[in-house]
Amino acid sequence: MTAPAATDPSTAAAAAATEETTRTSESTAPAARLSHVSKSFGPPGARQHVLDDITLDVAPGEFVTLLGASGCGKSTLLNLVAGLDSPTGGSVHVPGGRPALMFQEHALFPWLTAGRNIELALKLRGVPKAERRPRAEELLELVRLQGAHRKRVHELSGGMRQRVALARALAQDSRLLLMDEPFAALDAITRDVLHEELSRVWSGTGLSVLFVTHNVREAVRLAQRVVLLSSRPGRIARQWEIAIPQPRRIEDGDVAALSAEITEQLRGEIRRHGRH
Ligand SMILES: Nc1ncnc2c1ncn2[C@@H]1O[C@H](COP(=O)(O)OP(=O)(O)O)[C@@H](O)[C@H]1O
Ligand SMILES: [Mg+2]
């Protein structure tokens, strides 16, 4: 069946313009938009107000770290962006669809090889069978684990497991990657190497990243913008745009200087709320 063609050039031009607008607004829409978000837990009378009036945009391709003391609500906030929980007040929009997630625990399936873990993510995304293996190989190469396709999870070091977890997150092909203290359990040297890998992968993909940490230097090492959360309830206390050029190292003088300034603010937040 053939629909009558739109012969009127003005209609065609209007249609093209609409399409262009849609495409443009898709690519310029924030990767995540939080407006006046609050979150409380517990029954009335014993209610814990965890997040209060959080307004935050993550721009397309932006790398934002969310920094705060333990218990201030960082994971709660990330869960809201992931769609794993809903806010008590305000709104959370993630226009580009379901974000990819990466946690401190790698959450790989131990009965599958590294490669199969990634292929499973591709399968869930509907990638045809024949394309899965080569794509998984590419992703393993991207995280510098070429040749590890057949390795089982218990044969991999902690750092290698997190590399596979990163490859699996990238397999989801999301616009937004949410990372909750993904390197917190690694030793300092492995963490340093993974910071380099993550920076490299991020700059090559145009992904937006929202990265949660309580480690100030890690926040400054990685991000274009650091957002400091206060505690009880978690509110945005202050933000820093980080202009220090990449590649940065955690021991660089300007990373250390800015980290010292941010640590001072964080100490103030912790003193104000005690009990940490
Ligand atoms: N599902 C939940 N039910 C009740 N309380 C929760 C729940 N999730 C988190 N909390 C509480 O919210 C506060 C913030 O937790 P969380 O977001 O995990 O902090 P962070 O990740 O910054 O360490 C904590 O006091 C925690 O006990
Ligand atoms: Mg947490």
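The shell around ligand 1 divides into three nonpolar, six polar and one charged residues, where Ala, Val, Leu, Ile, Met, Phe, Trp, Tyr, Cys and Pro count as nonpolar, Asp, Glu, Lys and Arg as charged, and the others, Gly among them, as polar. This is a predicted model, in which local features need pLDDT of at least 70 and side-chain atom pairs count only at pLDDT 80 or more, while totals for chains, interfaces and linings use all residues. Residues are numbered from 1 along each chain as its sequence is written, and chains are lettered from A and ligands numbered from 1 in the order in which they are written.

Among the residues around ligand 1 are Phe 41, Val 50, Lys 74, Ser 75 and Thr 76, a residue being near a molecule if its C-beta atom, placed from the backbone, lies within 6 Å of it. Helix 2 (residues 74-82) gives the most to this shell, with three residues; helices are DSSP runs (H or I, at least four residues) numbered from the N terminus.

Two helix packings involve helix 5 (residues 158-171), with axes fitted as lines to C-alpha atoms over the stretch in contact and angles running from 0 to 180 degrees between N-to-C directions.

| Pair | Angle | Axis separation |
|---|---|---|
| Helix 4 (residues 129-142) and helix 5 | about 130° | 9 Å |
| Helix 3 (residues 114-124) and helix 5 | about 20° | 8 Å |

The second angle makes helix 3 roughly parallel to helix 5, since angles under 35 degrees count as roughly parallel, over 145 as roughly antiparallel, 65 to 115 as roughly perpendicular and the rest as oblique.
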